[in-house]
Structures are given as C-alpha cells and as structure tokens.
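These exercises go through one structure, each with a worked solution. Try each task on the display before reading on.

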Number of protein chains: 2
Amino acid sequence: METHAFDQAIALKPLSDGVWQAHTHPAYANMVGPFGGITAAQALQAVLLHPQLLGEPISLTVNYCAAITDGAFEIHARPARTNRSTQHWLIELRQTDATVMTATAVTALRRETWGVDEEPMPYCPPPENCPLPDTPASLPFIRAFEYRPVTGHLPGVWDGSGDTSLSQIWVRDQPPRPLDFASLACISDVFFPRLFIRRATLVPIGTVSMTVYFHAGSVQLQRTGADYLLGQAKAQAFRNGFFDQTSQLWDRHGVLLVTTHQIVYYKQ
Amino acid sequence: METHAFDQAIALKPLSDGVWQAHTHPAYANMVGPFGGITAAQALQAVLLHPQLLGEPISLTVNYCAAITDGAFEIHARPARTNRSTQHWLIELRQTDATVMTATAVTALRRETWGVDEEPMPYCPPPENCPLPDTPASLPFIRAFEYRPVTGHLPGVWDGSGDTSLSQIWVRDQPPRPLDFASLACISDVFFPRLFIRRATLVPIGTVSMTVYFHAGSVQLQRTGADYLLGQAKAQAFRNGFFDQTSQLWDRHGVLLVTTHQIVYYKQ
C-alpha cells in the first residue's frame with residue numbers, strides 16, 4: 001500500500017538539533033507554491049517530532065512570509081520556554097537562507113476539567129446527502145480533499161453577485177486518512193478565500209497569518225478517525241487590502257475540534 | 001499635565017539594535033504580574049519604534065510564557081522578512097535571561113480597495129445610557145479602563161449559574177486617550193475571562209495566546225479619537241483546561257476596528 005500523500009509531505013528529515021529538512025509535495029501544490037495548510041502542518045510536525053516536546057498542541061500561529069519554491073526547505077523549531085505543563089515554541093522556515101514562514105505554537109499537558117461547547121454545530125444534512133461539486137478541481141491541492149459543500153461553495157459564475165461570505169462544508173482527506181494534529185492544522189486552511197464567496201470575484205489573494213486553536217485532544221482525534229468534518233467559515237471585515245476569516249471544524253457528532261482564524265491579503 | 005499612564009507604560013528605552021528595555025507599570029497591575037493587554041502593547045510598540053518598520057500593523061500574536069515580575073524586562077524585535085509591501089516580525093520578551101513572551105507581527109503598507117464590514121455591530125444603547133458598574137474595581141488594571149457593560153458583565157454572585165459567555169461593553173482608556181495601534185492591542189485584551197461569565201465561578205485562569213487583527217488604519221484611529229469602543233466577546237469552547245474567546249471592537253459608528261481571539265488556561 002502506498003504511503004498517503006499527506007504522510008509523505010510531513011515526513012521530515014532531521015538535519016541537526018531542532019532543524020529538519022522538508023519538501024514541497026506535488027499533491028499539495030497551489031497556484032504559486034504549496035497550499036498554506038500543508039506548510040502549517042509541516043511546521044507543526046517539526047514541533048511534534050521534537051525530542052523535548054511536552055504535551056499536545058493547544059495553539060499554532062503561522063505567518064506566511066513568502067511563496068515557497070518547489071523543492072527543499074528547512075524548519076527550525078525551538079522550545080523558547082518550558083513550564084510544568086505548558087511549552088512555548090518558536091518556529092522558522094527557511095529556504096535559500098531567507099525566512100519563508102515564522103510561527104509560534106503552544107503545547108500543553110491537558111487534564112480533564114469541566115467543559116462545554118458554546119458554539120453549536122449548525123444544522124446541516126449529513127455528508128452522504130451532500131453531493132460532490134460538479135466543477136473539476138482547478139488546482140492540485142483541491143484534489144487532496146473531499147469537499148461536500150452544504151452552502152457557500154465557489155460561485156459557478158464570477159459576476160460580482162455575492163452577499164455573504166458564509167460557507168458550510170463537509171470535508172476530509174482524499175483518500176480518507178485518520179485525523180491527527182498535523183492534518184487538523186492542514187484542514188484548518190481548507191476554506192476558500194472568503195472574498196471569492198462574498199464578492200463572486202477572482203482577485204489575487206494570499207493568507208498572511210493563520211491561528212489554530214485545538215480544542216480536541218488525541219483521544220478525541222482517534223474517536224473522529226477518518227470521518228468527515230463539518231467546517232464553517234465566515235469573514236468579519238474586508239478593508240483596504242486585508243480580510244479576516246473565522247472558522248470552526250466539528251466532527252459529525254457536533255464536537256468542536258478546532259476554532260481557527262486567518263487574515264488574508266487581497267488585491268483590489 | 002501628567003503623562004498618561006499608558007504612555008508611561010509603553011515608553012521603551014533603546015538598549016541596542018532591536019532591543020528595548022521596558023518596565024511593568026503599577027497602573028496595569030493584575031493579580032500576578034501585569035495585565036496581558038499592556039504587555040501586548042509593549043511588544044507591539046517595540047515594532048512600531050523600530051527604524052526598519054514598514055507600514056502599519058495588520059496582525060499581532062502574543063504568547064504569554066510566564067508571569068512577568070514587577071520591574072524591568074527586555075523586548076527583542078527583529079524583522080524576519082521584509083517584502084515590497086509586507087513585513088514579518090519576530091518578538092521575544094526576556095526577563096532575567098528567561099523568555100516570558102514570544103510574539104509575531106505582520107505590518108504592511110495598505111492601499112484603498114473595495115471593502116465591506118460583514119460582522120455588524122450589535123444593537124446596543126449608547127454609552128451615555130449604560131451606567132458604570134457599581135462594584136468597585138478589584139485590581140489596578142481594571143481602573144485603567146472605563147467599562148460600561150451592556151450585557152454579560154461579571155456576575156454579582158458567584159453561584160455557578162451562567163448560561164452564556166456573551167458580553168457587550170462600551171470601553172475606553174481611563175482617563176480617555178486618543179486611540180493608537182498600541183492602545184488598540186491593549187484594549188483587545190480587556191474582556192474578562194469568558195469562564196467567569198459563562199459559569200459564574202472564579203477559578204485560576206491565564207491567557208496563553210492572543211491574536212489581534214487590525215482592520216483599522218491610522219486614519220480611522222484618528223477619526224475614532226478618545227471615544228468609546230463597543231466590544232463584544234464570546235467563547236466557542238471550554239475543554240480540558242483551555243477555552244477560547246473571540247471578540248470584536250467597533251467604534252461608535254459601527255466601523256469594525258479589530259477582531260481578536262485568545263486561548264486561555266483554566267483550572268477545574
């Protein structure tokens with residue numbers, strides 16, 4: 001059986017203490033350079049592989065500094081501070097001696113506490129009742145996911161006619177793969193740019209910064225397995241070249257796995 | 001006229017290239033160490049003072065690694081990547097040779113584009129009709145702000161009775177001070193921990209990571225001046241020791257200035 005493309009993409013080669021070599025992967029190619037979600041997953045994977053790792057991911061912020069050129073690059077990950085139950089990470093991705101991503105992460109030992117999900121999963125028909133889009137995927141990375149849009153898919157006609165940026169989709173890796181923290185970071189970036197939805201207009205865009213908060217621990221991820229996730233995304237403001245998007249990912253049973261945010265550059 | 005406490009707090013002394021000395025300020029003292037918002041403002045200020053600064057803040061992520069002890073600490077700010085119109089910053093706060101905060105920021109030259117605010121300001125009575133809370137401020141930093149709660153203020157009785165974490169408040173510096181990027185970063189952390197609101201229970205909490213997206217540019221900030229902002233905050237999930245909160249700040253006229261998110265540690 002062939003290794004899943006995602007596992008190939010996050011296979012990092014140790015170079016020295018806290019330094020790994022990574023490669024772009026053709027299955028996750030975007031228009032220019034790789035899909036941002038896979039780079040976020042690679043950055044997190046350097047933390048997850050680090051021999052000094054404490055606990056599980058709580059938050060991850062990745063800042064996209066420049067397009068990565070197809071090929072090899074280095075990931076530097078360093079625990080800047082280790083407390084009794086939390087650990088703070090500084091991460092930098094470098095290619096030909098230039099910084100292409102800066103990132104920070106927090107990992108922690110979690111213990112069982114009182115809890116409640118306050119953001120309810122929206123009512124949506126089950127994934128089996130949501131057909132695949134009939135437009136073919138225009139970019140390689142889109143084929144790396146199975147999208148079953150509920151509402152707010154890419155417009156069929158780019159006529160500037162949108163009136164909301166809200167999308168709800170069922171999504172999972174294609175082919176299906178059991179969820180882990182790295183793939184959850186990757187899927188957090190799976191939502192099309194809100195500008196495309198809101199305005200039905202194709203303009204150059206690029207994510208500048210993305211933050212992922214992991215509400216799920218590893219036990220919950222095992223429970224979810226390779227099943228569909230329900231994703232919801234919405235913008236709050238589009239202003240002078242930058243818009244934000246705020247998103248959630250639930251498992252089929254309504255457990256909130258991730259809340260995530262990003263700010264995206266756009267050209268008029 | 002005495003200098004505003006906020007200006008005293010963000011007055012940084014240059015030590016060497018990209019390194020500043022900062023001090024905690026008694027007006028922003030929290031239960032243990034300083035209020036997180038003032039530390040975020042100080043971290044951003046190091047970027048804003050940097051001679052290589054390009055443009056205005058777009059995003060800021062601060063990770064609280066450890067309580068800062070009252071007194072001096074160092075802020076190290078370095079532009080990791082400068083592009084034609086965006087710049088990526090790595091920031092580290094150090095006290096007695098240990099990292100107490102890691103942070104990243106993105107600044108950019110903005111230009112006028114198509115835009116729309118999609119998250120509407122909730123309908124609230126004007127600040128003049130919202131009385132000050134009648135409970136005295138229990139901590140110094142609370143007195144540094146004028147809070148006029150609309151809904152979801154701290155419970156009068158801690159009886160475990162909450163059913164929502166939603167708060168809406170009018171807020172500004174006390175005494176009033178014209179808004180700038182540093183104070184906007186500070187005010188982004190002004191919302192009480194959602195756990196206190198949702199559960200009417202006081203437990204130990206501490207913000208782990210906060211991200212601020214600046215939708216307002218400097219012209220908009222000048223327009224807002226020292227007027228009240230409407231803030232709204234809500235949690236999405238409380239789970240095994242960590243909860244998130246997602247917030248917005250509008251000016252009185254409904255212009256969205258900031259969207260901000262944080263993840264907070266809590267003890268059962």
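Helices (H or I, at least four residues) and strands (E, at least two) are DSSP runs, numbered from the N terminus. The model is predicted: local features need pLDDT of at least 70, side-chain atom pairs count only at pLDDT 80 or more, and totals for chains, interfaces and linings use all residues. Residues are numbered from 1 along each chain as its sequence is written, and chains are lettered from A and ligands numbered from 1 in the order in which they are written.

**Exercise 1. Describe the fold of chain A in numbers.**

Step 1. Count the elements: chain A has five helices and 14 strands.

Step 2. Compare the radius of gyration (taken over C-alpha atoms) with the globule rule, 2.2 Å times the number of residues to the power 0.38. For chain A the radius is 18 Å, close to the 18 Å that the rule gives for 268 residues, so the chain is as compact as a globular protein of that length.

Step 3. Take the box along the principal axes: the C-alpha atoms of chain A fill roughly 50 × 45 × 45 Å.

Step 4. Apply the burial cut-offs. A residue is buried if 20 or more other C-beta atoms, placed from the backbone, lie within 10 Å of its own, exposed if 12 or fewer, and partly exposed in between. Of the 268 residues of chain A, 50% count as buried.

**Exercise 2. Find the residues with positive phi in the loop between β5 and β6 of chain B, and state whether they are buried or exposed.**

Step 1. Locate the loop: T96(B) is found between β5 (86-95) and β6 (98-108) of chain B, and D97(B) lies in the loop between β5 and β6 as well.

Step 2. Read the angles. Phi is about 40° at T96(B), which is not a glycine; at D97(B), also not a glycine, phi is about 65°.

Step 3. Check the surroundings. T96(B) is exposed, with 10 other C-beta atoms within 10 Å. D97(B) is exposed, with 6.

**Exercise 3. Locate the cis peptide bond that ends at P175 in each chain.**

Step 1. In chain A, the bond joins Q174(A) and P175(A), with omega about 0°. P175(A) sits in the loop between β9 (167-173) and α3 (181-187).

Step 2. In chain B, the bond from Q174(B) to P175(B) is cis, with omega near -5°. The loop between β9 (167-173) and α3 (181-187) of chain B holds P175(B).

**Exercise 4. Work out how chains A and B are related and how they meet.**

Step 1. Superpose the copies by least squares on the C-alpha atoms of residues with pLDDT of at least 70 in both. A turn of 180° and a shift of 0.0 Å along the axis lay chain A on chain B with an RMSD of 0.0 Å. That is the relation of a two-fold axis.

Step 2. Count contacts, meaning residue pairs whose C-beta atoms, placed from the backbone, lie within 7 Å. The contact takes 53 residues from chain A and 53 residues from chain B.

Step 3. Compare the two sides. Of the interface residues of chain A, 100% are also interface residues in chain B, so the copies meet through the same surface.

Step 4. Look for strands that pair, which requires at least two DSSP bridges. Strand β12 (residues 237-239) of chain A and strand β7 (residues 116-117) of chain B pair in the antiparallel sense over two bridges. There F238(A) stands opposite V116(B).

Terms used:
Two residues are in contact if their C-beta atoms, placed from the backbone, lie within 7 Å.
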